[in-house]
Every structure is written in C-alpha cells, then in structure tokens.
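Colleague: I have a model open and would like to learn how to read it. Can we go through it feature by feature?

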Amino acid sequence: DEALERIDREALLAYYHTYYVPNNATLIIVGNVTPEQALEKTKRYFGNLEKGDPPKLPETPEIPDEGPYNAIIRGPKPTYQCRLRIGARTVGPTHPDRWALQVLGEMLRTSLAKEIRTKRGLVYGIWAYNGMYSDVGRFEIGTRSEGDKRELIQQIIEEHLEKIQQGDIDPEKVAEAKTALQGRWALRMERNFGRVHWLNGWVLSLADDEPVIYCINILPTR
C-alpha cells in the first residue's frame with residue numbers, strides 16, 4: 001500500500017513515456033487482412049507517434065560461485081499445504097539449448113505426473129518447464145502437496161533428475177515429448193490470439209535484422 005501511495009500522475013506519465021514508445025514496441029496483426037490494409041491503418045493511427053529512445057535493458061547478473069541453495073519459507077497458512085520449487089538458471093530464447101530444455105521439461109512433467117500423481121497420489125498436479133527472459137532462463141519443477149509429503153516428493157524428483165544426469169534417457173520418451181510439444185503448438189495456432197502470442201515472443205527475442213518467417217497451410221472450407 002505504501003508503494004502504491006507514492007505513485008502519482010507524474011510518475012505514471014514518466015513511466016509511460018519511457019517504455020510505451022514506438023522504438024520499444026511491436027505491432028502484430030493476425031487475421032483476414034492484407035499487408036496493404038494493415039500498413040494503411042497503421043500509418044493512419046500510429047504514423048504521427050514520435051519514435052522515442054528505447055529504454056536501456058538491465059544487465060544480466062553473474063551466476064554466484066556458491067550454491068546450490070535451499071530456501072524454506074514458513075508462516076501462517078489457512079491449509080497445511082506447502083509449495084515445492086526446484087530449479088536452476090538456464091539459457092534465453094535465442095540459445096540453441098532452449099529446444100532441448102523444452103523437450104526435457106515435457107518429459108519430466110509426464111514422468112513425474114505418472115509417478116507422483118497417478119501412481120502414488122501425492123499431489124494433484126505437477127509442472128516442469130524452461131521459462132525464458134530476454135537474456136537468461138530458468139528451469140523449474142514445482143508442485144503443491146501436504147506438508148508432511150514434501151521430503152518424499154523432493155526425493156522422487158531428485159531421483160528423476162539424477163537418472164537424466166547419468167544419461168538414462170529413453171529415446172521413445174524423447175520422441176513422445178517432441179510430438180506432444182508439436183501438437184500443443186498446432187492447437188494454439190488455431191486461434192488468432194495464439195498466433196499473436198507466439199509471434200510476439202519471437203519478435204521480442206530476435207535482433208532487428210532477423211526476420212520471423214511464419215508459414216501455414218490454409219485448407220479450403222466447404
């Protein structure tokens with residue numbers, strides 16, 4: 001509340017004029033329009049905006065020499081649930097390893113859900129994914145459980161990670177994970193919002209001289 005009370009109209013305008021400038025924005029149009037129509041509308045409604053100076057991006061922090069770290073946060077809760085997060089710093093969206101990390105996340109999500117949720121009934125859901133910023137990423141495995149089950153769940157997760165570190169990876173599971181990721185992407189592309197979201201992620205991570213090539217096959221309707 002104190003932080004909100006310190007924000008006045010001048011502070012909001014300063015933030016707006018710093019970040020909401022054409023040089024720090026991308027216009028993405030998806031739908032039944034032609035490039036000529038989109039360009040004409042864009043010039044009409046946005047052509048008079050001044051470019052502005054793009055804000056300086058924050059520097060990527062160095063990885064500390066010490067670690068790993070275990071943090072346990074305790075406090076009053078309405079339920080006896082705990083949240084478990086296990087993760088590590090990884091790479092950003094332009095690094096080639098991002099694809100392997102996405103496949104790894106899908107593999108772990110499937111295998112851990114089968115072991116922890118379906119087989120043992122310890123949790124209602126579990127996730128594993130590589131979240132990415134403009135420069136770095138984070139690989140995270142997380143779930144919620146009853147407090148007295150945390151140690152067992154953490155042990156199972158660490159055992160799965162240890163197998164992967166030792167190279168114990170089933171090629172069929174890798175192929176299944178790739179197929180699942182491709183299928184999920186194809187389903188998202190059925191809606192204009194999904195296409196915009198996907199294109200937006202690439203536009204923000206690629207350099208200005210790197211084009212985004214997006215081709216789809218449109219089947220005729222009867």
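Colleague: Let me start with a histidine. Which backbone nitrogen does the side chain of His95 reach?

Modeller: Keep in mind that this is a predicted model. The side chain of His95 reaches the backbone nitrogen of Asp97, at 3.0 Å. His95 itself sits in the loop between E1 and H4.

Colleague: Is His95 buried, partly exposed or exposed?

Modeller: Buried means under 20% relative accessible area, and exposed means over 50%. His95 has 32%, so His95 is partly exposed. Also look at Asp135. Its C-alpha atom is 9.1 Å from that of His95, although 40 residues separate the two along the chain.

Colleague: Now the sheet. How do I read strand pairing?

Modeller: Strands of a sheet pair through backbone hydrogen bonds, either parallel or antiparallel. Here an open sheet of three strands has the order E1-E3-E2, and the pairing is antiparallel. E1 (81-91) and E2 stand at the edges with a single partner strand each, so one side of each has no neighbour in the sheet. On average, neighbouring strands are turned by 15° against each other, direction ignored.

Colleague: How many bridges hold each pair?

Modeller: E1 and E3 pair over eleven bridges. Within that pair, Ile86 stands opposite Ile141 in E3. Seven bridges join E2 (residues 126-132) to E3 (residues 136-146). There, Asn130 stands opposite Phe139 in E3.

Colleague: What do E2 and E3 form, and how many residues lie between them?

Modeller: A hairpin, with three residues between the two strands.

Colleague: Which helices lie across the sheet?

Modeller: H4 lies across E1, E2 and E3, and runs at about 170° to E2. H5 also lies across E1, E2 and E3, and runs at about 25° to E1.

Colleague: Which residue should I click on in H4?

Modeller: Try Leu112, which lies in helix H4. Leu112 has a relative accessible area of 0%, so it counts as buried. Setting aside residues up to four places away in sequence, Leu112 touches Arg117, Ile126, Ile141, Ile156, Ile157 and His160. Its C-alpha atom is 8.5 Å from that of Trp127, 15 residues apart along the chain.

Colleague: His160 is on that list. Where is His160 found?

Modeller: In helix H5, residues 150-165. The relative accessibility of His160 is 18%, so this residue counts as buried. A polar atom of the His160 side chain lies 3.0 Å from the backbone oxygen of Ile156. Beyond four places in sequence, His160 is in contact with Leu108, Ser111, Leu112 and Glu115.

Colleague: Last topic. How do I describe two packed helices?

Modeller: Two packed helices are described by the angle between their axes and the distance between the axes. Take H4 (residues 97-119) and H6 (residues 171-188). Their axes come within 9 Å and cross at roughly 105°. Angles of 65 to 115 degrees count as roughly perpendicular. H4 and H6 are therefore roughly perpendicular to each other.

Colleague: Which residues meet there?

Modeller: From H4, they are Gln102, Val103, Glu106, Met107 and Arg109. From H6, they are Lys173, Val174, Ala177, Lys178, Ala180, Leu181 and Arg184. The residues of this contact divide into six nonpolar, one polar and five charged.

Note on methods. Residues numbered from 1 in each chain as written. Predicted model: local features only at pLDDT ≥ 70, side-chain atom pairs only at ≥ 80, totals over all residues. Heavy atoms only, no water. Helix = DSSP H or I, 4+ residues; strand = E, 2+ residues; numbered from the N terminus. Buried < 20%, exposed > 50% of the residue type's maximum accessible area, 1.4 Å probe, protein only. Polar contact = N/O pair within 3.5 Å; in protein donor to acceptor, adjacent residues only side chain to side chain. Contact = heavy atoms within 4.5 Å. Pairing = 2+ DSSP bridges. Axes fitted to C-alpha atoms, helices over the stretch in contact; angles between N-to-C directions. Parallel < 35°, antiparallel > 145°, perpendicular 65-115°, else oblique. Nonpolar A, V, L, I, M, F, W, Y, C, P; charged D, E, K, R; others polar.
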